[in-house]
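User: Could you pick one part of this structure and take me through it slowly? I'd like a connected story with residue names I can click on, rather than a list.

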Amino acid sequence: MSTPIYTRWAPPKLATKRKRHSVPAASSSSPVAAPKAQSQIRPDIETALEDVVEDATPKSSKRPKRRKQESRTDEEVVVEEEVAPKKHKAILSKFEKARENAKYVPATEEPDEPDAPQVLHDLEPLPQPEPIPEPAFDANFSTLPVWLAKPVAVKSSQVVAFSELGVHPFFLKKLEKQGYHNALAVQSALLPMLHPGFEQHLGDLCVSAKTGSGKTLAYLLPIIEALKDRVVTNLSAIVIVPTRQLVDQALTVAEELCVGTKLKVGTAVGNVQFATEQKLLVKMRAQYDPKRAKELHERATQQMESGIVETSGILHDLQFVPSDHIPQYDSGVDILVCTPGRLVEHLESTTGFLLRSVQWLVIDEADQLLDQNFQGWATVLMDSLHGETPEDFMNSQEHLRKRRQSSNWSVALPARRNVTKIVLSATIRKDLTKLGSLKLKRPKLVIVEDELPEESLVTDGDVFELPSTLNEFAIPVGDGSIKPLYLLHLLLNRIFQNTIADSAHYKENQMESEDSDSDSDSSSDSSSDSSSDSSSEDSDDEAGQQSSLDAKTISKNKSRILIFTKSNESASRLTHLMSIVEPALKAFTKTMTPSSTDKAAKKLLKSFTNGAFKILVASDAASRGLDIPDITHVINYDMPSGITSYVHRVGRTARAGKAGEAWTLFTKTEAAWFWKQVAAGGTIKRGGKKVVRMELKKKTVTWNRRKTYQAALLELQGAVKAD
Ligand SMILES: Nc1ncnc2c1ncn2[C@@H]1O[C@H](COP(=O)(O)OP(=O)(O)OP(=O)(O)O)[C@@H](O)[C@H]1O
């Protein structure tokens with residue numbers, strides 16, 4: 001038998017499985033380099049190779065084939081050996097592939113460690129990568145409408161002569177007489193916008209300007225100038241302010257400007273009898289009109305028959321006019337200064353009180369008024385201002401308008417009156433929900449400030465500015481148990497004697513952060529506590545640290561001090577306590593109570609202005625708008641209720657360019673709020689100035705007064721119980 005050209009390739013011998021494949025002896029001399037391949041195969045691919053060989057053989061025919069091989073004939077072997085090269089090729093290519101695959105080991109992959117202990121994980125969150133810090137959000141857009149986001153900024157140092165602002169010579173003389181030569185910044189900004197002319201703003205104005213910056217004159221002057229030639233009285237301007245003191249103040253300014261004109265200025269406040277006020281505001285007269293009189297009489301008869309009869313109104317007024325006449329109503333004033341509550345009462349109950357001729361609506365201290373919105377005054381007012389006049393009170397023009405409303409003729413009728421609204425405050429807020437109730441048309445926000453914001457700076461937040469002539473101080477008073485003694489020390493040693501420069505008792509300490517504040521607060525307290533009160537109280541070396549002033553010294557002093565307490569009751573109690581502990585102050589201290597009559601309140605403010613007494617103790621009722629030019633000091637005996645309240649309180653001094661000081665007494669619990677919200681300067685701008693912290697030692701404050709103070713407290717307690 002000849003030797004076959006190709007011999008069958010046999011896989012290399014493997015330890016266990018190889019036995020399964022019996023290879024003929026001749027195959028070892030095969031031209032196919034089986035032994036060579038065997039030597040080149042890595043042990044790790046041996047298994048793969050074995051699998052490949054196994055795969056190449058159909059599994060079902062493995063065993064029968066072996067058995068067959070033993071019993072096969074020579075011809076069968078020859079046939080089989082002719083088929084072998086083909087099979088071998090297929091197997092070899094599979095082997096090559098397997099070898100290639102086995103060669104690939106990912107570079108980074110760690111070799112499996114089958115013996116490594118298995119780590120069991122609970123349902124713990126998987127460790128996460130560190131969050132990528134987000135860049136700080138720098139808003140360069142505003143959610144507010146453009147007029148609020150981009151106000152008209154006016155520098156508060158801008159001072160222009162009234163004559164350059166187109167003020168009528170008639171008023172220039174008046175202003176000169178009052179000592180006003182130049183217009184203050186807010187006046188310089190508003191007068192051109194309100195005067196008819198090229199610079200006039202044909203829309204409404206919101207004005208934010210510091211306390212004491214002259215806003216009252218800024219709105220009253222252009223209104224009175226516009227109405228000065230008026231001969232027939234007609235309600236043309238309404239000025240709304242929150243309190244009756246402010247009504248009086250605005251009335252005084254308006255009346256001074258109206259002297260020499262025929263204009264009538266009236267007021268509507270709760271302290272006058274309503275009926276009396278009605279007669280002043282509306283004048284009734286009889287007009288001959290038999291046809292309309294007949295109609296009205298018929299309606300009155302119907303009412304009588306139905307049994308439901310009006311006790312006021314036009315039908316009620318019919319009885320006061322001749323039978324063929326009808327009642328007609330004329331305004332008794334050209335300018336009305338009022339509180340919102342009383343205005344609403346007149347709108348609802350005063351027959352013939354109509355707003356059809358109103359051209360100006362001023363809302364001063366607007367943020368406070370809009371916050372209160374009692375009796376829904378803004379809605380009632382806007383309805384009356386923009387709504388239609390009730391038919392019974394329509395004049396001929398309004399009747400004509402109504403008749404022609406749906407016809408083509410309506411376009412030929414004169415346009416509906418336009419009301420210019422002027423909304424002002426030192427703390428105006430960009431609150432659209434509040435301002436929206438005023439139905440402003442083409443509004444413009446004017447901000448008068450020392451530091452003008454950058455053009456590009458868009459801010460939705462509210463920022464308020466204090467007068468540049470104001471200096472602020474703050475005194476820590478521990479837990480507040482002897483706060484009245486701190487106040488007395490401040491009054492007697494600092495204000496009435498003005499010994500601040502050489503007094504060792506006031507330790508100046510400029511504080512910026514609350515942390516440092518509370519630290520030093522506690523340290524100051526602990527230092528005072530560590531010194532025995534009883535030993536130091538009457539010791540000689542303390543003598544002279546606390547002043548006891550005589551009435552003469554106080555009366556000579558030019559200071560006017562306004563002390564704010566949290567309520568009217570606290571104001572009365574503090575006045576009482578002060579006069580017991582320091583009797584010299586009794587004649588110079590008065591309380592402002594809301595119960596005092598209008599006349600008494602006016603008298604009180606007048607004698608304070610004149611210097612008849614020096615200290616006025618008041619609640620927040622006096623914090624807004626009160627203009628007493630000579631107030632030198634404001635003391636926040638009790639902490640104000642908010643930032644705006646602080647701004648208005650301290651704004652009672654340092655008015656119209658005069659110097660002033662504001663002092664705040666703060667307890668440990670109030671320190672954080674005060675330093676963070678008020679003193680830090682985020683919302684309140686003070687032109688680079690800081691609130692200066694002044695420390696007083698407790699023993700200095702209580703010197704020689706502890707017993708008197710305790711007796712005074714007992715007396716006060718007795719008085720309160722007796723009440
Ligand atoms: N052109 C002027 N020159 C000098 N003083 C003026 C001028 N205009 C007004 N004043 C004075 O400025 C003071 C403050 O005015 P006004 O009461 O109008 O301030 P304000 O801005 O309304 O303050 P507040 O916000 O506290 O109500 C008043 O005493 C007033 O007489």
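Analyst: Let's begin with strands E5 and E10, which run parallel and are joined by four bridges. Strands pair here when DSSP finds at least two bridges between them. Strands (E, at least two residues) and helices (H or I, at least four) are DSSP runs counted from the N terminus. Before going on, a word on what you're looking at: this is a predicted model, where local features need pLDDT of at least 70 and side-chain atom pairs count only at pLDDT 80 or more, while totals for chains, interfaces and linings use all residues. Numbering starts from 1 along each chain as its sequence is written.

Now back to that pair. Click on Ile 238 and you'll find it opposite Leu 361 in E10. Leu 361 has a partner in E11 too, namely Lys 421. That fits the strand-level picture, with E10 (residues 360–363) paired to strand E11 (residues 420–425) in the parallel sense, again over four bridges. Look at which way the E10 side chains go: Trp 360 and Val 362 point to one side, Leu 361 and Ile 363 to the other, and all of them are buried. Buried means 20 or more other C-beta atoms within 10 Å of the residue's own, with C-beta atoms placed from the backbone; 12 or fewer is exposed, and in between is partly exposed.

E5 (237–240) also pairs with E9: the two run parallel, and four bridges hold them together. Here Ala 237 stands opposite Ile 335. Strand E9 (335–338) has both faces covered, with Ile 335 and Val 337 on one side, Leu 336 and Cys 338 on the other, and all four residues buried. Move on to strand E6 and you get another parallel pairing with E9, over four bridges. Thr 267 is the residue facing Val 337 in that pair.

Helix H13 (residues 340–349) lies across this region, over E5, E6 and E9.

Zoom out a little and these strands fall into an open sheet of eight, ordered E1-E12-E4-E11-E10-E5-E9-E6, with parallel pairing. The edges belong to strand E1 (152–155) and strand E6 (265–268); each has a single partner strand, so one side of each has no neighbour in the sheet.

Over at the E1 edge, the partner is strand E12 (residues 444–449), paired in the parallel sense over four bridges. For a handy landmark, put Ala 153 on screen with the residue opposite, Ile 447 in E12. Helix H7 (residues 185–194) packs on the sheet here, touching E1, E12 and strand E4 (205–209). Touching, or contact, is C-beta atoms (placed from the backbone) within 7 Å.

A good residue to follow out of H7 is Leu 190. Ignoring residues up to four places away in sequence, Leu 190 touches Val 207, Ala 218, Tyr 219 and Val 446.

This brings us to the packing. Among the 134 residues of the largest nonpolar core, Leu 190, Val 207, Ala 254, Ile 335, Val 337 and Ile 475 touch the most other members. A nonpolar core is a set of buried Ala, Val, Leu, Ile, Met, Phe, Trp, Tyr and Cys residues linked through C-beta atoms within 7 Å. You've already met Ile 335 and Val 337 in that list: they share one side of E9. The biggest contribution to this core comes from helix H18 (residues 483–495), with eight residues. Another core sits apart from this one and has five residues, including Leu 296, Ile 314, Leu 315 and Ile 326.

To put the sheet in its setting, the chain has 27 helices and 22 strands. Of its 723 residues, 32% are buried. Among contacts with a separation of 6 or more, 82% link residues 24 or more positions apart. You can see that sort of link in the sheet itself, for instance where Ile 238 stands opposite Leu 361 or Ala 153 opposite Ile 447.

If you'd like a contrast with the buried strands, try helix H27 (residues 706–722), which holds Gln 710. Gln 710 counts as exposed because it has 11 C-beta neighbours inside 10 Å. Its C-alpha lies 9.3 Å from that of Val 581, although the two are 129 residues apart in sequence.

Definitions and conventions: Contact = placed C-beta atoms within 7 Å. Axes fitted to C-alpha atoms, helices over the stretch in contact; angles between N-to-C directions.
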